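Student: I would like to look closely at a single part of this model, beginning with one strand and its surroundings. Please take me through it in one connected account.

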Amino acid sequence: MQHVNHPASPQFSTGDFLRQGAWFASLEPALQELILARTVPRNFPEGAYMIHEGDASRGLYVLLDGWARFTKHVSESEEVLMHIGGAGSWFGDFGLFTGRAMGSVIADTPCRTLLLPMAEFERIVAEDPRHYRAFNQLLLSRLDLLFRFAAEARGLSAEDWLLARLRGLVEMRTRGEPAGDTATIPLSQAQISSLVGLTRQTLSGMLKSLVSRGLIEISYRRVRLLPKATEPRP
């Protein structure tokens, strides 16, 4: 899968790449440099658990290359999809504050990441407690979206909830990832079904309806939101 402004380019540093993302760009330059200096590289093969739900937190990750899915158990045997993240996604922030992983993060492709270890996060906030607020803001921005998703799930029709959930994925990517084609989401219909809690048969009809309304395009393991999808409904 292709990514824009890949950090491996000799003309484009990792710092430049991360500063395209909204959260990292909002940090004071001194904190940006601290994070870059204290992260360590971690690579994962396709299918590997980068974070396993319930495990002790290892720290804060950022995805440099690849795609990852974020999942949550709703029972001992059932796991549901919460989000799909691409290059520039930060994850593990919940564990920074609780010590435990709230959900799992699984590599959908080979993934390159940087990890800010828990011990280094604790050093940073001990050296300057003001930095705690900056890390907390990353978590709060996600909670803001999750509360909205919960309200939309109760207040919208099933088809509008599906569209709202797809919009939410794009918004999460726009907030956290560098500029690029954030409107295209690498999702299969099985994954979308897990994401919104619909049967495959029901989902198929709704996706066809959204296509006919000019709101989305669908290709193999891809959904793209069209500009009309962001317009308010009459």
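Which residues of strand β7 point one way and which the other way, and are they buried or exposed?

Tutor: This is a predicted model, and the description below should be read with that in mind. In strand β7, which covers residues 104-107, S104 and I106 point one way while V105 and A107 point the other way, and all of them are buried. In a regular strand, side chains alternate between the two faces of the sheet. Strand β7 pairs with strand β2 (residues 49-51) in the antiparallel sense, over 2 bridges, and in this pairing I51 stands opposite V105. Strand β4 (residues 68-73) also runs antiparallel to β7, joined to it by 4 bridges, and here T71 is the residue opposite S104.

A residue of another strand can be set beside these: T113 lies in strand β8, residues 111-117. With a relative accessible area of 1%, T113 counts as buried because that value is under the 20% cut-off. A polar atom of the T113 side chain lies 2.8 Å from the backbone oxygen of R42, and the residues that T113 touches, leaving aside those up to four places away in sequence, include R42 itself, M50, Y61, L63 and F91.

For a view of the surface, turn to the nonpolar patch formed by M82, L140, L143, L146 and F147, which together have about 450 Å² of accessible area. Helix α6 (residues 131-155) gives the most to this patch, with 4 residues. L146 has its place in helix α6 and is partly exposed, with a relative accessible area of 35%.

Definitions and conventions
Residues numbered from 1 in each chain as written. Predicted model: local features only at pLDDT ≥ 70, side-chain atom pairs only at ≥ 80, totals over all residues. Heavy atoms only, no water. Buried < 20%, exposed > 50% of the residue type's maximum accessible area, 1.4 Å probe, protein only. Pairing = 2+ DSSP bridges. Patch = residues over 30% accessible without salt bridge, like charges linked within 9 Å, V, L, I, M, F, W, Y side chains within 5 Å. Areas by Shrake-Rupley, 256 points an atom, 1.4 Å probe, with all protein chains shown as cover. Salt bridge = Lys/Arg side-chain N within 4 Å of Asp/Glu carboxyl O. Polar contact = N/O pair within 3.5 Å; in protein donor to acceptor, adjacent residues only side chain to side chain. Contact = heavy atoms within 4.5 Å.
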